[in-house]
Amino acid sequence: MPNNRRFLLVKRPNGDPRPDDFQLVSTPVPEPAAGSFIIRNHFVSLDPAQRGWMDDAPSYMPPINLGDAVRATTVGRVHSSANPDYAPGDWVLGLNAIEEYSVAAPGGFTSKIDVSRMPSPSYCLSAMGAVGLTGYFGLLDTAKPEAGETVLVSGAAGAVGSVVGQIAKIKGCRTIGIAGGPAKCKRLIDDYHYDAAIDYRGKSMQALAAEIAKAAPGGVNIIFENVGGDILDAGLMNLAPRARIVLCGLISEYNSADGKIGARNLWQLLVKRATMHGFLIADYVPRFAEGGTQIAKWISEGKLRIDEHIIAGIENAYPAFMLLFSGGNEGKLVLKLID
Ligand SMILES: NC(=O)c1ccc[n+]([C@@H]2O[C@H](COP(=O)([O-])OP(=O)(O)OC[C@H]3O[C@@H](n4cnc5c(N)ncnc54)[C@H](OP(=O)(O)O)[C@@H]3O)[C@@H](O)[C@H]2O)c1
């Protein structure tokens, strides 16, 4: 039997996760119990949400137990099975962990997948996974954009943000993206067809608000918020009347050790009669096929570009994960465990 390398959470991070919050261990691959099966994970999704699951705080999911492998969505093939519906070799997507082999059973997020028409099975974690579908449902179902409206996206060059910006353009909107650094801002224009790009690095909230005002003199109709903090505050100062804000993520606050930063310009919601809507992709699981079909169509028509940032080797899980917080990832961050 091969060994199973597993990336465990052994301490709860206080602020930025540190290497000694984790431990890479090697254990024997278990035998599947009746009804279950073992997945050999090929690709593991690295997501900002995992940082929240490391905290012992109330959330939409229980915290990861200390000593457990870090929870993650994975794509892999059935290695051995004690379930007649899952045969060795079948491709499976599921909420498992950063580990080479996972014990799984049908139900929850676990499902067999057809990867035959995808450029790579990793697309189940990016374009056709929670990331692409967050962009799709978060924008279309929550904000309901109309042609001619202005959409402001933070984290605009990231996995979710790049999809949001492109779908907004497909729907005839004007798009403004906020990202870190000139190279990412260039990609906003060249690769994701944003109409305007704003580099937030080194800028005060007031300076950012002024740049947004210059790019959107009539105000923004929709904010797709991935970052929070000063960036959200700057967007709030530029709302058009009856603007809609999709609160998708607050990554700038996930590693905050001394209390959350919070938004200080919420009064603009009442001034502009705006609405802010918390969005969670888990609510859309029954509609994944609908969103996935449309996304696949846009990709095949050349209307939607998907970038993946793939890092090989479970031994690189920690430095790879930290790219999400330094802005080092260019596209959906995925850990590749097998060729
Ligand atoms: N609600 C849901 O169901 C749902 C689902 C998926 C994702 N999300 C959220 O969506 C957001 C984006 O996730 P993703 O998977 O697409 O990740 P991502 O954007 O591909 O990667 C994270 C990016 O966030 C930016 N960032 C990190 N720390 C920052 C800070 N302190 N200030 C400003 N920007 C910072 C960096 O880009 P720069 O180089 O531009 O700084 C980094 O590349 C996250 O907040 C995540 O939690 C929510």
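Let me start at the ligand, where an N or O atom in the side chain of R201 sits 3.4 Å from one of the ligand's oxygen atoms, and I should say at once that this is a predicted model. The backbone also takes part, since a backbone N or O atom of N226 lies 2.8 Å from an oxygen atom of the ligand, and a polar backbone atom of F279 is 2.8 Å from a nitrogen atom of the ligand. How much of the ligand does the protein bury? Taken alone, the ligand exposes 910 Å², and 90% of that is buried by the protein.

Around the ligand there is a shell of 25 residues, and the closest of them are V160, K184, Y200, Y254 and N329. If we sort that shell by class, we find 15 nonpolar, eight polar and two charged residues. Two helices, α3 with residues 159-170 and α9 with residues 317-326, each contribute at least two residues to the shell.

Let me stay with α9 for a moment, whose buried residues are A317, Y318, A320, F321, M322 and L324. Those buried residues pack against β1 (3-9), β2 (22-28), α1 (49-53), β14 (308-312) and β15 (332-336). Just after the helix comes G327, which takes a positive phi of about 80°.

The other shell helix, α3, leads us to the largest nonpolar core, which has 43 residues, with V75 and L139 touching the most other members. At least two residues of this core come from each of β5 (91-97), α2 (130-143), β8 (150-154), α3, β11 (220-225) and α8 (288-300). What does L139 touch, once its neighbours within four places in sequence are set aside? Its contacts are then T134, K144, P145, V151, V164, I167, A168, I222 and F224.

V151 and A168 turn up again when we look at T175, which belongs to strand β9, residues 174-179. With neighbours within four places in sequence left aside, T175 is in contact with V151, G165, A168, K169, H193, Y194, D195 and A196. The relative accessible area of T175 is 0%, so we call this residue buried.

Now for a charged residue, D233, which is placed in helix α6, residues 229-236. Is D233 buried or exposed? It is buried, because its relative accessible area is 0%. Not counting residues up to four places away in sequence, D233 touches M205, G262, A263, R264 and N265, and in the case of N265 the backbone nitrogen lies 3.0 Å from a polar side-chain atom of D233. For a sense of distance, the C-alpha atoms of D233 and G158 are separated by 20 Å, with the two positions 75 residues apart along the chain.

I will finish with two loop residues, beginning with E99, which lies in the loop between β5 and β6 (101-104). E99 has 6% relative accessibility and therefore counts as buried, and, residues up to four places away in sequence not being counted, E99 touches N4, R5, R6, N41, A69, I314 and L337. The second is P30, found in the loop between β2 and β3 (37-45). Here the relative accessibility is 31%, so P30 counts as partly exposed. The C-alpha atom of P30 is separated by 8.7 Å from that of N4, although the two residues are 26 apart along the chain.

How values were computed:
Residues numbered from 1 in each chain as written. Predicted model: local features only at pLDDT ≥ 70, side-chain atom pairs only at ≥ 80, totals over all residues. Heavy atoms only, no water. Near = heavy atom within 4 Å. Polar contact = N/O pair within 3.5 Å; in protein donor to acceptor, adjacent residues only side chain to side chain. Areas by Shrake-Rupley, 256 points an atom, 1.4 Å probe, with all protein chains shown as cover. Helix = DSSP H or I, 4+ residues; strand = E, 2+ residues; numbered from the N terminus. Nonpolar A, V, L, I, M, F, W, Y, C, P; charged D, E, K, R; others polar. Core = buried A, V, L, I, M, F, W, Y, C linked by side-chain atoms within 4.5 Å. Buried < 20%, exposed > 50% of the residue type's maximum accessible area, 1.4 Å probe, protein only. Contact = heavy atoms within 4.5 Å.
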